[in-house]
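Here is a short report on aromatic contacts, burial and model confidence. Please read it alongside the sequence and the coordinates.

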Amino acid sequence: MMSRIHNKMCWSRAFLTGWLLLLVQLLCSQAVPISMDKTKVKEPEKTPEEPPASVDTGLHYDRYLREVIDFLEKDQHFREKLHNTDMEDIKQGKLAKELDFVSHHVRTKLDELKRQEVNRLRTLIKAKQDIEGGNDIAVDHQALLKQFEYLNHMNPHTFEVDDLDRLIKSATKDLENYDKERHEEFKRYEMMKEHDRREHLKTLDDEERKKEEEHYEEMRKKHADHPKVNHPGSQNQLKEVWEEADGLDPEDFDPKTFFNLHDTNGDGFFDEQELEALFTKELEKIYDPTNEEDDMVEMEEERLRMREHVMNEVDSNKDRLVSLDEFLVATKKKEFLEPDSWETLEQNQAYTDEEMREFEEHLTQQEQDLNQKAFDLQKQRDELERQQEQLNAQKVELQQAVEHMERLKSQKVESPPEVHGEGNGIPEMHPVDNQVHPEQDAQPQEHEPAPQVPEDTPQEHHVQQNQDLAQQGLPQTHQDLPPGHQEVAQGQHNLQ
């Protein structure tokens, strides 16, 4: 996985350089003509590797950069000025001033590209804020856009000289920092690998630890046992490519011919990717993906070290490209003809003992912080579970209280059950006409004589009514009614 990442970063950086430094690539599109002895030199058949369909340079503003450059290329005046401007002048912003003289069509398109880029950045800012939970907070886009130094956020509508100047300087700065960041990333990788090895040893007993240490030393010796590696960019190294990769006679080695054979895109320059491809044969001496002792991440780091070394030696104008003239000048130097031996990674540890100690202390502190956070989160979880249990208990008690109240309420409002006893049928009484409806009455039966009305009954007509009821075989007073019917009869009586 790490190997693929390094490969991608390597190609991305080379691809970006080719666009950013247009001063040399745009105008040298024709390969330098060379004369070759066809009887001695047979050009091998080769199919140049196609770049990926979608190239990621690693810059978050990659698309904006490419589109700006594409449209500037279409302006004839800008192309001519580019031809006469060196890299140092570009870095100082002299080329950016030529933007005032490009065509109206190009300027209009650049304005549109900038508006689209500003809108993209605003969308990213809003999305980040939404993720962080700030949906209801107003976003100050102007303040947040300050972090993007490659455009002038104070003027989001038009592409000006300052925008081109910012874009060039930002891309140049990012490229210059790339190697430094790559070295630090690889150093962390190596220290983490050693840390994991040490931690693994702690889990073993004495006998297993001894075996593991012996195996580790054996793998180190096997990895270091490889053929001599030629100095990158030296005559011996290039001749080996000429012979083994190109299939040509080393006695017929010609630097100019070699340059044109390996300038795969024919632009008259070696970019970083083309240079790194020259070191494959040397790397194959050290690394084999099928060997346990060989780390492919280290192989890519070795490749980048070789490229970085050649660039420092050959790239005289520091534009991160090697022109034909620079290449031919380098082939005449003593370092090219009689180079020093090349020290590989196993001979140059990526970190010091002090850096390793600090790295492990940092990991320990990180682990302690994570453990403390985990402990705090567990306490919060326990407290939430306790509160949830209390809420559940209160919910059960409340539910029981509600059910109890419902039972009491139903008992209070529920009508008493209708009682039918023999000889005690009650006819339905209608308060309107106070008539008895025989069709709804039960058949009257014999009843015991009603008790006499007490002497202190207040009204005589009540006595008469009881007598009439007695003659009909009905209870004479309310007291004679079964329980529950007395109140009904009393209500009917009151209606009279």
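A residue is called buried when its relative accessible area is under 20%. By that cut-off, helix α11 has Thr-257, Phe-258, Phe-259, Asn-260, Leu-261 and His-262 as its buried residues. The model discussed here is predicted.

**Helix α11**

Helix α11 spans residues 255-262 and is mostly covered, with 6 of its 8 residues buried. What do these buried residues pack against? Their partners are α10 (235-244), β1 (269-270), α12 (272-277), β2 (322-323) and α15 (324-330). Two of the buried residues, Phe-258 and Phe-259, also take part in an aromatic cluster. Trp-242, Phe-253, Phe-270 and Phe-327 belong to that cluster as well.

**Aromatic pairs**

The structure holds 10 aromatic pairs. Among them is Tyr-61 with Tyr-150: the ring centres are 4.3 Å apart and the planes meet at 20°, so the pair is stacked. Planes under 30 degrees apart count as stacked. Tyr-61 sits in the loop between α2 (22-25) and α3 (62-73), while Tyr-150 sits in the loop between α7 (141-144) and α8 (161-202). The pair therefore ties together parts that are 89 residues apart in sequence. Are the two partners buried or exposed? Tyr-61 is buried, because its relative accessibility is 2%. Tyr-150 is buried too, with a relative accessible area of 2%.

**Charges over rings**

Two basic side chains sit over aromatic rings, as listed here.

| Charged residue | Ring | Distance to ring centre |
|---|---|---|
| Lys-74 | Phe-71 | 4.1 Å |
| Arg-197 | Tyr-216 | 4.0 Å |

In the first row, the charged end of Lys-74 is what sits over the ring. In the second, Arg-197 lies over the face of Tyr-216.

**Lys-187**

Another lysine, Lys-187, lies in helix α8. Why does Lys-187 count as buried? Its relative accessibility is 14%, and the cut-off is under 20%. Leaving aside residues up to four places away in sequence, Lys-187 touches Ala-350, Tyr-351 and Glu-355.

**Confidence**

The average pLDDT of the chain is 77, and 69% of the residues score at least 70. Residues 477-481 have pLDDT below 50, yet this stretch has 13 contacts in the model beyond near neighbours in sequence. Residues 492-496 are also below 50, with 7 contacts beyond near neighbours in sequence. Where pLDDT is low, predicted coordinates should not be read in detail.

Key: Residues numbered from 1 in each chain as written. Predicted model: local features only at pLDDT ≥ 70, side-chain atom pairs only at ≥ 80, totals over all residues. Heavy atoms only, no water. Phe/Tyr/Trp six-rings, centres within 6.5 Å; stacked < 30°, edge-to-face > 60°. Helix = DSSP H or I, 4+ residues; strand = E, 2+ residues; numbered from the N terminus. Buried < 20%, exposed > 50% of the residue type's maximum accessible area, 1.4 Å probe, protein only. Lys NZ or Arg CZ within 6 Å of the ring centre and 35° of its normal. Contact = heavy atoms within 4.5 Å. pLDDT = per-residue confidence, 0-100.
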